[in-house]
Each structure stands twice: as C-alpha cells, then as structure tokens.
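Trainee: I'd like to learn how to read a fold from its parts. Can you walk me through one?

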Amino acid sequence: MSSTVFGVSFDAHDARAAASFWAAALGRTVADGADGDNAAVDADPAIPGSRIGFHRVPENKTVKNRMHLDLITADFDAEISRLTGLGATRLNEINAGGHWATLADPEGNEFDVIAG
C-alpha cells in the first residue's frame, strides 16, 4: 500500500483571495464552494496531485516557507510582469547557474519563476 499526492495546501488569511490569485497565475479555476475559510484551485486533470487548497488560519506568516512552488516559463520578463500585475511581489532574482526570480503571492507565500 502507498499514498498518492492529492494536492498541496497553504494557510491563508483569506482563502478565496489566495485561491483567486493562484487560479489566475496558473490559468485554472477556483473550485465551487470557495469562501474566505476554505478554497481550492481545481486540479489540472493531466497532472495528478495538482489541486491547491487554501485554509484560513488566525496567525500571520512569520518565516520563509519550508516548501514552495516552482513555475517555469519561456517568456521570463512577461511572466514576471503578469504575476506582479496579479498582486505578486518580486523579492529576489538570480542569474548565475540558471535564471529565476523569487516572488511572494498576496498572502506572502514565496514561489520561484524559472526561465526555461
């Protein structure tokens, strides 16, 4: 017997707002029934385990994420502009041994965008 990844979940202050950002970022939809307490980005049927859930918690984010998403794009500059236009904040950029930028979603969760 083994387990299969169903998806990943993030803590949030506003689950619906967090899901809305990620649905727009990934070109997906917010699952039916989303509210400020619990929301999810629908999985891509072609990618097992690609559901992303968000759940309201009372505490603030205080440290760097222990796990984060890595996105890859063929048009790095355009994608960074699009994501910051959706509400992400650019935190850092590395262009040595690879090219990527670290951003934070509107809830402060870090993620990377990789030029590829």
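Mentor: We'll go through a sheet, a helix, the core and one loop residue. Keep in mind that this is a predicted model.

Trainee: Let's start with the sheet. What is the order of the strands in the open sheet?

Mentor: For a sheet, you list the strands as they sit side by side, then ask how they pair. Here the open sheet has 4 strands in the order S4-S7-S6-S5, and the pairing is mixed. Strands S4 (69-73) and S5 (89-95) are the edges, each pairing on one side only. From one strand to the next, the twist averages 25°.

Trainee: Which way do S4 and S7 run, parallel or antiparallel?

Mentor: Parallel: S4 and S7 (residues 110-115) are joined by 5 bridges. Within that pair, leucine 71 stands opposite valine 113 in S7.

Trainee: Now the helix. Which residues of H2 are buried?

Mentor: With a helix, sort the residues by burial and then look down the axis. In H2 (residues 76-85), the buried ones are Phe76, Glu79, Ile80 and Leu83. Seen down the axis of H2, they fall within an arc of 100°, so they line one face of the helix. Asp77, Ser81 and Gly85 are exposed on the other side.

Trainee: And what covers the buried residues of H2?

Mentor: The cover includes helix H1 (15-26), along with S4, S5, S6 (99-104) and S7. Just after H2, by the way, glycine 87 has a positive phi of about 120°.

Trainee: On to the core. Which residues touch the most other members of the largest nonpolar core?

Mentor: For a core, look for its best-connected members, then for the elements that feed it. This core has 25 residues, and Trp22, Phe54, Leu83, Leu103 and Phe111 touch the most other members. H1 gives the most, with 7 residues. You met Leu83 earlier on the buried list of H2.

Trainee: What does phenylalanine 111 contact, leaving aside neighbours within four places in sequence?

Mentor: Its contacts include Trp22, Leu83 and Leu103. Among the others are Phe21, His68, Leu71 and Ala101.

Trainee: Last one: is serine 50 buried or exposed?

Mentor: For a single residue, check the accessible area before guessing from its position. Serine 50 lies in the loop between S2 and S3, yet its relative accessible area is 10%, so serine 50 counts as buried. Not counting residues up to four places away in sequence, serine 50 touches Phe6, Arg28, Ala43 and Asp44.

How values were computed:
Residues are numbered from 1 along each chain as its sequence is written. This is a predicted model: local features need pLDDT of at least 70, side-chain atom pairs count only at pLDDT 80 or more; totals for chains, interfaces and linings use all residues. Side-chain values use heavy atoms; hydrogens and water are left out. Two strands pair if DSSP finds at least two bridges between them. Helices (H or I, at least four residues) and strands (E, at least two) are DSSP runs, numbered from the N terminus. Axes are lines fitted to C-alpha atoms, for helices over the stretch in contact, and angles run from 0 to 180 degrees between N-to-C directions. Buried means under 20% relative accessible area, exposed over 50%, partly exposed in between (1.4 Å probe, protein chains only). The arc is that of the directions from the helix axis to the C-beta atoms. Contact means heavy atoms within 4.5 Å. A nonpolar core is a set of buried Ala, Val, Leu, Ile, Met, Phe, Trp, Tyr and Cys residues joined through side-chain atoms within 4.5 Å.
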